[in-house]
Amino acid sequence: MNFLAHIHLSGDNEWIKIGNFMADGVRGKQYENFPMDIQKGILLHRAIDTFTDAHPVFRQSTKKLHSRYHHYAGVIVDMYYDHFLAKNWSAYSEETLESYSDRFYRSLLDNPEVLTTKTQHLLPYMIQHNWLVNYQSINGLERILSQMDQRTKNQSLMRFATEELVANYEEFESDFTLFYKEVQLFSKNKLNEL
């Protein structure tokens, strides 16, 4: 799962959302240095990643990309799934994606003291290019994948990944829909445990 899904799976607590969003930049037990709800978000993120990586539907999606993208296949499927979540947002939320995204960006800007350095550096760029909303369109997704590819010095080939998305669109969307129902239930139960 990528940014949008991680945030959405966090429920309504803004600090759990922030923790889940920035969890990739928090190593080991460093999470214990954050306020309790941020810790919950970080732990939820880790649990979602473990659930996702082992899930047969997610693995089925990544297998379609392995021959060309190798170990980047999982990252690309994360992005595809965020695209489908954004595209079908009204099926998952009564709030518009634009409003939801603006509210999340505002919560990050209003709480700089709890953000990791990595998140502080990423935030202006993310807001400027409105990543969460731009996941909706294939062109927006392609721009984001190209930017990610540049960070890998173009070795990941992610700039081409919308080709497979377009060619197998219904298959990937079907995978997403099935998987997302299950990860929503998993996340809700995990949040109750935390």
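A contact here means heavy atoms within 4.5 Å. By that count, residues 24 or more positions apart account for 67% of the contacts in the chain with a separation of 6 or more. The model is predicted. Its chain has 12 helices and zero strands. The radius of gyration is 16 Å, close to the 16 Å that the globule rule gives for 194 residues, so the chain is as compact as a globular protein of that length.

**Overall build**

- Read along the sequence, one helix follows another: α-α-α-α-α-α-α-α-α-α-α-α.
- The C-alpha atoms fill a box of roughly 45 × 35 × 35 Å along the principal axes.
- Of the 194 residues of the chain, 47% count as buried.

**Surface and charge**

- About 9600 Å² of the chain is exposed. Carbon and sulfur atoms supply 51% of that area.
- The chain carries 20 positive and 25 negative charges. The mean positions of the two sets are 5 Å apart.

**Helix α6**

- Helix α6 covers residues 73-87. At 1.5 Å a residue, its 15 residues should span 21 Å. The end C-alpha atoms are 21 Å apart, which agrees.
- Of the 15 residues of α6, 12 are buried, so the helix is largely enclosed by the rest of the structure.
- The buried residues of α6 include the charged-type side chains Asp78 and Asp82. Tyr80, Tyr81, His83 and Phe84 are also among them.
- Ala73, Ile76, Val77, Met79, Leu85 and Ala86 are buried in α6 too.

**Met148 in helix α10**

- Met148 sits in helix α10, which runs over residues 138-151.
- Its relative accessible area is 15%. The cut-off for buried is under 20%, so Met148 counts as buried.
- Leaving out residues up to four places away in sequence, Met148 touches Val75, Met79 and Met158. Of these partners, Met79 is one of the buried residues of α6.
- Met148 and Ser107 are 41 residues apart in sequence. In space, their C-alpha atoms are 25 Å apart.

**Thr162 in helix α11**

- Thr162 belongs to helix α11, residues 162-167.
- Thr162 is buried, at 6% relative accessibility.
- Beyond residues up to four places away in sequence, Thr162 touches Tyr80, Ile138, Leu141, Glu142 and Leu145. Tyr80 is itself one of the buried residues of α6.

**Positive phi in two loops**

- Most residues other than glycine have a negative phi. Two loop residues deserve a look on this point.
- Asn130 has a positive phi of about 45°, although it is not a glycine. Asn130 lies in the loop between α8 (117-128) and α9 (131-134). With a relative accessible area of 23%, Asn130 is partly exposed.
- Leu157 also has a positive phi, near 65°, and is a residue other than glycine. Leu157 lies in the loop between α10 and α11. Its relative accessible area is 26%, and Leu157 is partly exposed.

Technical notes: Residues are numbered from 1 along each chain as its sequence is written. This is a predicted model: local features need pLDDT of at least 70, side-chain atom pairs count only at pLDDT 80 or more; totals for chains, interfaces and linings use all residues. Side-chain values use heavy atoms; hydrogens and water are left out. Helices (H or I, at least four residues) and strands (E, at least two) are DSSP runs, numbered from the N terminus. The radius of gyration is taken over C-alpha atoms; the globule rule is 2.2 Å times the number of residues to the power 0.38. Buried means under 20% relative accessible area, exposed over 50%, partly exposed in between (1.4 Å probe, protein chains only). Accessible areas come from the Shrake-Rupley method with a 1.4 Å probe; for residues, only the protein chains shown count as cover. The place of a charge is taken as NZ of Lys, CZ of Arg, CG of Asp or CD of Glu. The expected span of a helix is 1.5 Å times one less than its number of residues.
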